[in-house]
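Q: Please take a close look at the largest pocket. Which classes of residue form its lining, and which elements contribute to it?

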Amino acid sequence: MNLDILTAISPIDGRYRGKTDQLSEYFSEYALIRYRVRVEIEYFIMLCELPLPQLKNIDKEKLESLRNIYRYFNETDAARVKDIEKITNHDVKAVEYFIKEQFDRIGGLDDYKEFVHFGLTSQDINNTSVPLSIKESLENVYYPVLEELIGMLRTYAEEWKDIPMLAKTHGQPASPTRLGKEVMVFVYRLEEQYDELKKCKITAKFGGATGNFNAHHVAYPTMDWKEIGNRFVSERLGLQREQYTTQISNYDCLGSVFDALKRINTIIIDLDRDFWMYISMEYFKQKIKAGEVGSSAMPHKVNPIDFENSEGNLGMANAILQFLSQKLPVSRLQRDLTDSTVLRNIGVPLGHGLIAMKSTMKGLGKLILNEKKLEEDLENTWPVVAEAIQTILRRENYPHPYEALKQLTRTNSKITEQSIHEFVETLEVSEDVKKELRQITPHNYTGI
């Protein structure tokens, strides 16, 4: 079979390709090669601009031509790198040889070829390329979708801010709340964790074969390679250089990024389940689209499938993120190769997360508020005003108010507005206090 949406093994590249295709610019094999070429080229240009003595005569036009190698990098170029890799059996070395071929194409650079990948090990390229792809994918793809979700929730929170709703704690009726406030809880939580995610450092390893700039130092012992490396990583790539490493990144900061993503996903799972429950409780109906089928057997059903789809994808994402944050910081001595294959999967949890957020927004967009059902539930649950009554009685120093309300409400008889008011009449308090108590209803006892 030819690889396409129908034959892809992963649903990210198959069924859900339309929701994740933006990520291919950051996490596909093509993208990884392009990022490697970019880092190699920028490193070479940095050496020219130091300058190293052997590179001081390259004119600026040549350097801009070099940048065009990655600026206009395309799938044909990536295929050429893969062809070279078939011979080298080494993916980063194939990138180096590809760039040297491009030097020949540009012309006039033959004497400078051996400064491509000068003093570096493969992980200096991989451990800058991958963090850079994560940084740019978050900024260009993930953050905008998360902001859209938060904005949608904030709009609903404002729209429903005055809608009273029966709360449920332990699955039982509890002090009423407002629907908008309950949505605002998720806005607040997501914004807090979004802020924490943006605070996470995105760091890179850049320091030679075992992290000590051995080759750089032996060739040019008077140069401050640590400072040069710091400036290259921060100024050229917008990352932070890890100061002490083995051959590979410590991955601790990437672990923080993955954990922050996991927390955001967990909040969205909580949101998905709550709205699923609200639909089950008939607080919301769902918009019906002509031609859609809710159940293959039961024609009446309109299932909350978007929230279920989101929850499932977030579970997949979190399982992988958990593995990434636990595995990547662990490597034998100065390195083993297990991080290499694991790094290739970073786009997978981001893909599942993207699918999930878009599904959640689709589900939110289908909601139709059923105020009648919310009002019915409140009217049928007068015992929830017991907390209000006993608290005012406490204020009035009334004897044993909690116990009095407990005796009233823990009964098999239905508690109604009438029975509450009859109880109020039995209280030995002033008429002003009784009037205050009579004004409390499940519809207005919603706090601030």
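A: By class, 8 nonpolar, 6 polar and 6 charged residues make up the lining of the largest pocket (nonpolar: Ala, Val, Leu, Ile, Met, Phe, Trp, Tyr, Cys and Pro; charged: Asp, Glu, Lys and Arg; polar: the others, Gly among them). The model is predicted: local features need pLDDT of at least 70 and side-chain atom pairs pLDDT 80 or more, whereas totals for chains, interfaces and linings use all residues. Residues are numbered from 1 along each chain, and side-chain values use heavy atoms, without hydrogens or water.

The volume of this pocket is about 650 Å³ (the space filled by 1.4 Å probe spheres on a 1 Å grid, in an open set of points with protein on both sides within 12 Å along at least five of seven lines). The lining comprises 20 residues (an atom within 4 Å of a point), of which D13, R17, S24, F27 and S28 are the closest to the centre. Two or more lining residues come from each of helix 1 (17-20), helix 2 (24-27) and helix 14 (347-365) (DSSP runs of H or I, at least four residues). Helix 2 gives the most, with 3 residues.

Helix 3 covers residues 29-49. Its 21 residues reach 30 Å from first C-alpha to last, close to the 30 Å expected (1.5 Å times one less than the number of residues). Helix 3 is mostly covered, with 17 of its 21 residues buried (under 20% relative accessible area, 1.4 Å probe, protein chains only).

Methods. Buried < 20%, exposed > 50% of the residue type's maximum accessible area, 1.4 Å probe, protein only.
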